[in-house]
Each structure stands twice: as structure tokens, then as C-alpha cells.
Amino acid sequence: MITSLGQCLKNMLLPKALCVLVLALSSAATVKVNADQLLRTRGDTTTDNGFDSFLNHILRRLVNFDKEEYEYQLQAGLQKRIGLALGGIHHGHDHMIHFKNMEETNRDLRANNSTNTELPEYTFTPCADEYQCDSTLVTYTREEVYNKVSSSLKQSTNVQYCLTADPMITKDMYGSCGVEEDCACAFCLFGSWCVFQVCDSQCYELSGLNTEVSAAIKYGVQVRKVCASCEEETSHAGFTNKDSDGLGYCDSDAYGYKAKNSGLVVFPTDDKGVILSGALPVSAWAHVTIAGTCDTPTGTFKPNDFGRLSVDALTTLLMGASGTVSIAPDTLGYSNTYDYFRGYVVKKQYQTSFIPLWLKTKRTIAEETKCASELGNGLTIAGYSEGGYGAFAIAEAAQSVGIDVQAVLSGAGPYLTSSALLTTGYTSMAEGTFPLNRRHYTIQLGQSYSSTYSGVENYGTGQDLLADSWFVGSTQFTKYDAVNAVTDSGGSDSLNKL
């Protein structure tokens with residue numbers, strides 16, 4: 001890991017300004033997790049195809065059911081359905097790495113939390129259809145959860161040409177031999193008589209996803225939007241701010257200390273809709289990269305329109321229905337805290353967003369149930385993309401307050417913040433190979449490290465990540481344009497143009 005400016009200039013051969021940013025990002029982003037914790041990471045093979053995206057964003061992480069396994073199950077299902085082998089069956093294996101030791105240096109930035117930098121007037125746009133804080137959004141029985149989740153998953157799974165996950169089913173087999181256009185004839189006699197027909201509408205069933213989902217959903221749920229701030233939750237009688245590692249995420253000078261962070265909280269319930277009793281295990285979900293201010297776990301939970309349910313909302317719901325109290329922070333700068341700057345890949349913001357929600361959930365469930373139910377001390381954390389990084393940051397904070405972090409399931413996150421995140425991005429942009437549909441990643445990162453989110457090392461030093469101005473084609477954009485586009489509702493379409 002690069003730990004000094006001289007080391008960066010000598011070993012990485014980068015411009016001085018970029019080296020300062022490498023150090024700033026490393027300092028604000030480095031996380032440290034205890035050596036006895038099992039950490040699992042998965043590679044990212046996400047494509048723009050809706051089917052691939054769905055599998056990577058949901059099942060590869062949540063129910064340990066990846067794309068290759070889906071293909072294997074689909075082939076097996078087809079064989080059972082049509083009675084003959086369609087090709088060589090293969091077993092899929094996740095590319096999984098087990099870490100038992102992370103020798104990372106954690107740097108405390110509280111001494112450099114200057115707020116003297118004068119900021120321009122940016123537009124902060126609230127969400128129009130925001131749920132009220134601390135409200136119950138819906139209560140479902142187990143059967144209702146299964147039916148709604150299955151309906152949502154079918155829309156993502158039974159897509160056009162989904163049968164081609166089996167290599168022996170090709171697109172030219174669709175509509176052939178007299179079958180309908182959304183079906184394929186697996187065995188055709190005399191060019192017109194289809195003996196074995198399968199359709200896209202059967203992919204969900206043939207793949208075995210219905211069985212996997214049914215096994216994962218064990219309880220009904222109560223879904224709430226919870227809001228909490230460090231200021232409020234650390235002021236309750238009897239609270240002791242352990243923060244044994246001195247991370248400073250709930251210190252009074254931490255950015256977002258007074259912000260009422262919102263999050264989706266899902267409680268598992270019995271057949272009568274009552275929250276399960278006893279010490280309940282807890283899970284946390286760190287959301288994927290979000291461009292829009294309102295595209296959060298709470299903002300995308302639509303009880304009356306499960307077809308529009310986001311990956312984050314659906315995953316949180318499934319984790320809760322599996323029997324854990326599931327907490328998914330919207331994170332600072334989104335939804336209820338729209339009037340704050342985002343801290344994209346700033347470690348402390350994920351911690352400042354999660355810890356108050358955990359504290360409030362722990363306190364309120366004990367109060368409401370008169371201690372019949374309580375949060376257990378065990379915590380499993382999962383996340384993907386930005387959330388892959390956020391999961392590690394949450395784990396570090398959770399351990400600092402004495403929570404027993406039992407596992408972190410992290411996928412496709414920007415982990416190598418001091419050696420790869422900026423340097424490879426810098427190279428790919430210079431070479432013109434950076435994917436345009438993910439340009440909003442760089443805009444959000446630039447906003448966070450351009451003297452907006454106080455506390456990062458380059459704040460107010462004149463070494464902002466965003467340039468003062470640049471051209472896209474013949475159109476000139478400025479640093480103000482980029483930051484304002486993020487705060488003014490964001491959205492991948494608008495950010496990708498910058």
C-alpha cells in the first residue's frame with residue numbers, strides 16, 4: 001500500500017496531484033478487519049443483459065446461487081422435462097477467495113476535518129414520494145412474501161431467450177418447427193412436428209430458482225423505514241460510545257453527525273404478524289452503486305409494484321424473510337439526507353450511516369416488545385459493487401462497538417483504493433477504454449473528493465479530484481456542473497453525460 005507522497009511519486013510514476021489524491025482516498029477508504037473474520041469476495045461478470053444483471057445482483061450473492069449453477073440446473077430441468085440429454089452438463093464454481101488476514105493500516109482523519117472551505121451554492125433536491133421516518137410500510141405473511149418475490153424474480157428471469165443459458169438451445173430454434181416465437185423446439189421431426197417444446201416462461205421453474213427462493217423464505221415480514229442520527233442515538237441514557245478503534249464515525253465533528261440517516265429495516269414475523277421473540281440474528285445490506293438520490297433501499301421499495309423493486313430492496317426483503325433482522329442503510333447524501341454530500345468510497349460515511357440505524361433498531365425493538373425480542377449480537381454483512389466496499393467499512397465499525405461480525409459477503413467492490421482504484425481508472429480514461437455507461441462512478445467519486453465531504457485528507461488543499469473544467473466533445477463542463485448534478489437528484493443518465 002502506498003503510504004507517502006514520495007513513495008507514490010517514485011513507485012507509481014504518477015503526477016503529483018494524482019498522488020495526493022491516491023493518499024487521500026487511501027486514508028479515507030482504508031478499512032481494517034480482525035484476522036479471525038471470514039471474508040468472501042466474488043468476481044464481477046455483470047453485463048448489460050437484464051438476465052445476467054439479475055443473476056449477478058441477486059442470487060450469486062444472496063442464496064449462493066450463481067449463473068453457472070443456474071445454467072447447470074436449467075440443463076438438468078430441461079432433461080427431466082423433455083426426456084433426453086441436450087448437451088454436456090457442467091457444474092459451476094464460484095471464483096471465491098477466502099481472506100483470513102488483512103494487514104491494512106487505518107488512518108484517523110479527525111485532525112484534518114477543516115470546514116473553512118467556502119462552497120458554492122449547490123442544488124439539493126429532495127425525493128418527491130419519500131416515506132415518513134419510522135413508519136411501517138407493509139406487513140406480509142410468508143406466503144405473500146414468496147408470491148411477491150417470485151412474481152418479481154420471474155420478470156427478471158423469464159426474459160427473452162433465457163433458455164439459451166443452455167448451449168444446446170440457440171436463438172434460431174425459437175419459433176421453429178411450428179412453435180410460438182417465445183418457445184424453442186428442442187427436438188423437431190420431419191421439419192414440422194415438434195416433439196419437445198420449452199418456453200421462456202418456464203426458465204424460473206426449470207432452473208430451480210423457485211425451489212431456492214422457497215427454501216430461503218421462512219417467515220413473514222414487517223417492513224419499516226427507520227431514521228436515526230449519531231447525535232440522537234449516542235445521547236440516550238446508558239449509551240456508551242465504545243468505538244474501541246477510535247474510528248470517529250459518530251464523533252461530534254464527523255461529517256453527518258446530525259444527519260437523520262434513513263434505511264430499510266425488515267423484521268421477521270410469525271404467522272400472526274408478530275415479530276419473532278428471543279435474540280434475533282441481524283444482517284446488513286450495503287447497497288449497490290446508486291446514481292439517483294432517491295434510488296435507495298427505502299426509495300425503491302414499492303409494496304404495490306414488485307416489478308419495480310430494486311436489487312437492494314428485494315435483497316433486504318429476502319434477508320429479513322430468512323429469519324434475520326435486516327438493515328439496509330440508504331447512506332448519507334440519499335433519500336432522507338439528500339441535503340448532504342455523498343461520500344462515495346469514503347469509509348466513514350458508511351459507518352456513520354449504519355451504526356445509528358443499528359442502535360435505534362436495537363433500542364426500539366426492545367421497547368416495543370417489552371424485551372420479548374431483541375437484536376442478537378451476531379451480524380452478517382453483505383454488499384455488492386459500492387456495497388462490496390461498504391460492507392467492509394460497516395464490519396470495521398461494527399467490531400469497534402463490540403458486535404460479533406460473523407461473516408462479510410462482498411462482491412465486485414473497489415477494494416484496492418491505494419493502488420488500483422484511481423490509477424487504473426486514470427489509465428483507462430486516458431486510453432479511452434473506460435465504459436461510458438459507468439462514467440457516473442467517476443463523477444460521484446470526484447464529488448466526494450473535491451472539497452465537499454469534510455474530513456478526507458485532500459479537503460480544502462487545492463488538490464480536488466475533479467478538474468476545474470473539461471470537454472466532452474465540444475461541450476465544456478465544470479467542477480460545479482458535476483457536483484451540482486450529483487446533489488440535484490443525480491441519475492446515471494445525467495451523470496454519464498459529464
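Reader: How many salt bridges does the count come to, and by what rule?

Author: The count comes to 9 salt bridges, where a salt bridge is a side-chain nitrogen of Lys or Arg within 4 Å of a carboxyl oxygen of Asp or Glu. The model is predicted, so local features need pLDDT of at least 70 and side-chain atom pairs count only at pLDDT 80 or more, whereas totals for chains, interfaces and linings use all residues. Residues are numbered from 1 along each chain as its sequence is written, and side-chain values use heavy atoms, with hydrogens and water left out.

Reader: What makes Lys 225 and Glu 130 a salt bridge?

Author: Their side chains meet at 2.5 Å, N to O, and because the cut-off is 4 Å, the pair qualifies as a salt bridge. Lys 225 lies in strand β6 (residues 220-228) and Glu 130 in the loop between β2 (96-99) and β3 (135-140), so that the pair links parts of the chain 95 residues apart; helices (H or I, at least four residues) and strands (E, at least two) are DSSP runs, numbered from the N terminus.

Reader: Why is Lys 225 called buried, and Glu 130 partly exposed?

Author: Buried means under 20% relative accessible area, exposed over 50%, and partly exposed in between, with a 1.4 Å probe and protein chains only. Lys 225 has a relative accessible area of 0% and is therefore buried, whereas Glu 130, with 27%, is partly exposed.

Reader: How do you know that Glu 233, Arg 363 and Glu 367 are linked in a network?

Author: Arg 363 forms a salt bridge with Glu 233, the closest N and O atoms being 2.9 Å apart, and the side chains of Glu 367 and Arg 363 meet in a salt bridge at 3.8 Å, N to O. The three residues are thus linked in a network of salt bridges. Glu 367 and Arg 363 both lie in helix α10, 4 residues apart, about one turn of the helix. As for accessibility, Glu 233 counts as buried at 4%, Arg 363 as partly exposed at 23%, and Glu 367 as exposed at 52%.

Reader: Why is the pair of Tyr 122 and Tyr 480 called stacked?

Author: Rings of Phe, Tyr and Trp (its six-membered ring) pair if their centres lie within 6.5 Å, and planes under 30 degrees apart count as stacked, over 60 as edge-to-face and the rest as tilted. The structure holds 9 aromatic pairs. In one of them, the rings of Tyr 122 and Tyr 480 have their centres 5.2 Å apart and their planes at 15°, so the pair is stacked. Tyr 122 lies in the loop between β2 and β3 and Tyr 480 in helix α14 (residues 479-487), so the pair ties together parts that are 358 residues apart in sequence. Tyr 122 is buried at 13%, whereas Tyr 480 is partly exposed at 34%.

Reader: What makes Phe 187 and Phe 196 a tilted pair instead?

Author: Their rings are 5.9 Å apart, centre to centre, with 50° between the planes, and because that angle is neither under 30 degrees nor over 60, the pair counts as tilted. Phe 187 counts as partly exposed at 34%, and Phe 196 is partly exposed at 24%.

Reader: How do you know that β12 and β13 pair?

Author: Two strands pair if DSSP finds at least two bridges between them, and strand β12 (residues 469-472) and strand β13 (residues 475-478) pair in the antiparallel sense over 4 bridges. In β13, the bridge partner of Ser 469 is Thr 478. The two strands form a hairpin with 2 residues between them, and Gly 473 in the turn has a positive phi of about 65°.
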